[in-house]
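Biologist: I should like to learn how the features of a protein structure are read. May we work through an example together?

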Amino acid sequence: MSQNPIPEYVPLAEAVRSGMRESVHYGAVIGLQADGSIGYARGPVHQPMFPRSSAKPFQAVAMLRAGADLEGESLAIAAGSHGGEEFHAAEVGRMLAKAGLAPEALQCPADIPGAAEARADHIRAGHGPDPVLMNCSGKHAGFLTACVRSGWSTHDYLGNGHPLQVLVREVIEELCGEPVAHTAVDGCGAPQLAVTTAGLARGLHSMRTAPAGSRERAVLDAMTEHPEYVSGTDRIDTDLMRRMPGLVSKIGADGVLVLGAPAGETVAVKISDGDAQLRARTLVGLDALRALGVDVSAVADRLRVAVPGGGEPVGEVRPL
């Protein structure tokens, strides 16, 4: 049985088909002003949830604090959820080789590419799942790099009591400004630490407002300079960061998204139904950024998602 009560999520987006509302996405969204104060909030933003891969920038900070010599593309992919494209797999391989490790050191599950074109090519070639292709393999390679540089064991790097994961927890609590509410196992096998939606936003805001030259800023700089390593070709995070220079975007599984504007405005979103088709969280997040006064005109097309019928658009998903 769930240990926490069902949050009182609120309507955030609606799907309209041929002029009639077909469905509604509920959730929670919070927007922080550049100074860190709450400027926008809807729903239970102070109740715990799992940030999933939206927490990867925090985990990357812990890697750097542990001595991992990551920068540029390697730091971006360590903080990202890549699509398993050839250049992603190559970068993960380089990271492991630099640390003196073989791909077999990865303890994330084997998978096939998540990016559509790469997945189709992989299947046509008759290839099977591989841990290097799993979307979290960059994070795992970063974890392993940190362990090697700190002299920590690598066979048990995913254990809750491992020095690296203890450090990750300390970093998350420090940046998010609250204690971890629950510890679980993420899809990649790493510890997943629950914080509130507000805490997730505070965490990214803390990184954005950290001093120049800090590890926190290094992670964000790598993400914004190499967005294709954070996500991949034609994927949401990459597209948003390319079209809004300086923006940080990090999607998390099960309906999560965190956005950080260059001036410090920060938004975190949790869609309660998991948003499996990725049609609600982005428009809700961008609408919240817009409410904070951030110019999102460069990605205005992302504020609506077409609802198809007979091969043609017959409606849209839009913010409420």
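Modeller: Let us begin with how elements are named: helices and strands are DSSP runs, numbered from the N terminus. With that convention, Ser 18 is found in the loop between β1 (10-17) and β2 (20-32). Please keep in mind that this is a predicted model.

Biologist: What is the phi of Ser 18?

Modeller: The general idea comes first. Most residues other than glycine have a negative phi. In this structure, Ser 18 has a positive phi of about 50 degrees, although it is not a glycine. Ser 18 also counts as exposed, because its relative accessibility is 59% and the cut-off for exposed is over 50%.

Biologist: Where does Asp 275 lie, and is Asp 275 buried or exposed?

Modeller: Asp 275 lies in the loop between β9 (266-271) and α11 (281-291). Its phi is near 50 degrees, again a positive value in a residue other than glycine. Asp 275 has a relative accessible area of 1% and is therefore buried, the limit for that term being under 20%. Leaving out residues up to four places away in sequence, Asp 275 touches His 25, Gly 255, Ala 280 and Arg 281.

Biologist: How should one read burial along a helix, and how many residues of α11 are buried?

Modeller: One begins with the geometry of a helix. An α-helix has 3.6 residues a turn, so residues three or four places apart point the same way. One then asks which positions are covered. In α11, nine of the eleven residues are buried, so this helix is largely enclosed by the rest of the structure. The buried residues are Arg 281, Thr 282, Leu 283, Val 284, Gly 285, Leu 286, Asp 287, Ala 288 and Leu 289. Just after α11 comes Gly 293, which takes a positive phi of about 100 degrees.

Biologist: Which residues is Leu 289 in contact with, leaving aside its neighbours within four places in sequence?

Modeller: Leu 289 lies in helix α11 and is buried, with a relative accessible area of 0%. Apart from those neighbours, Leu 289 is in contact with Leu 247, Leu 259, Ala 261, Glu 265, Val 267, Val 294 and Val 296. A distance between C-alpha atoms may also be read: those of Leu 289 and Ala 268, 21 residues apart along the chain, are separated by 9.8 Å.

Biologist: How many residues of helix α1 are buried?

Modeller: Helix α1 (residues 56-65) is mostly covered, with nine of its ten residues buried. Among them are Lys 56, Pro 57, Phe 58 and Gln 59. After α1 comes Gly 67, whose phi is positive, near 100 degrees.

Biologist: Is Pro 163 buried or partly exposed?

Modeller: Pro 163 is found in helix α6 (residues 163-176). At 38% relative accessibility, Pro 163 counts as partly exposed. The C-alpha atoms of Pro 163 and Ser 150 are separated by 9.5 Å, and the two residues are 13 apart along the chain.

Biologist: How does one describe a pair of helices, and at what angle do the axes of α3 and α5 cross?

Modeller: One compares the directions of the two axes; angles under 35 degrees count as roughly parallel. The axes of helix α3 (residues 86-98) and helix α5 (residues 137-150) come within 9 Å and cross at roughly 10 degrees. The two helices are therefore roughly parallel to each other. In their contact, Val 92, Met 95, Leu 96 and Lys 98 of α3 meet residues of α5 including Ala 141, Leu 144, Thr 145 and Arg 149. The residues of this contact divide into five nonpolar, four polar and two charged.

Biologist: How many helices and strands does the whole chain have?

Modeller: The chain has eleven helices and eleven strands. Its radius of gyration is 19 Å, close to the 20 Å that the globule rule gives for 320 residues, so the chain is as compact as a globular protein of that length. The C-alpha atoms fill a box of roughly 60 × 50 × 45 Å along the principal axes. Of the 320 residues, 52% count as buried. Among contacts between residues at least 6 apart in sequence, 61% join residues at least 24 apart. The chain exposes about 13,100 Å², and carbon and sulfur atoms supply 51% of that area.

Notes: Residues are numbered from 1 along each chain as its sequence is written. This is a predicted model: local features need pLDDT of at least 70, side-chain atom pairs count only at pLDDT 80 or more; totals for chains, interfaces and linings use all residues. Side-chain values use heavy atoms; hydrogens and water are left out. Axes are lines fitted to C-alpha atoms, for helices over the stretch in contact, and angles run from 0 to 180 degrees between N-to-C directions. Helices (H or I, at least four residues) and strands (E, at least two) are DSSP runs, numbered from the N terminus. Angles under 35 degrees count as roughly parallel, over 145 as roughly antiparallel, 65 to 115 as roughly perpendicular and the rest as oblique. Contact means heavy atoms within 4.5 Å. Ala, Val, Leu, Ile, Met, Phe, Trp, Tyr, Cys and Pro count as nonpolar, Asp, Glu, Lys and Arg as charged, and the others, Gly among them, as polar. The radius of gyration is taken over C-alpha atoms; the globule rule is 2.2 Å times the number of residues to the power 0.38. Buried means under 20% relative accessible area, exposed over 50%, partly exposed in between (1.4 Å probe, protein chains only). Accessible areas come from the Shrake-Rupley method with a 1.4 Å probe; for residues, only the protein chains shown count as cover.
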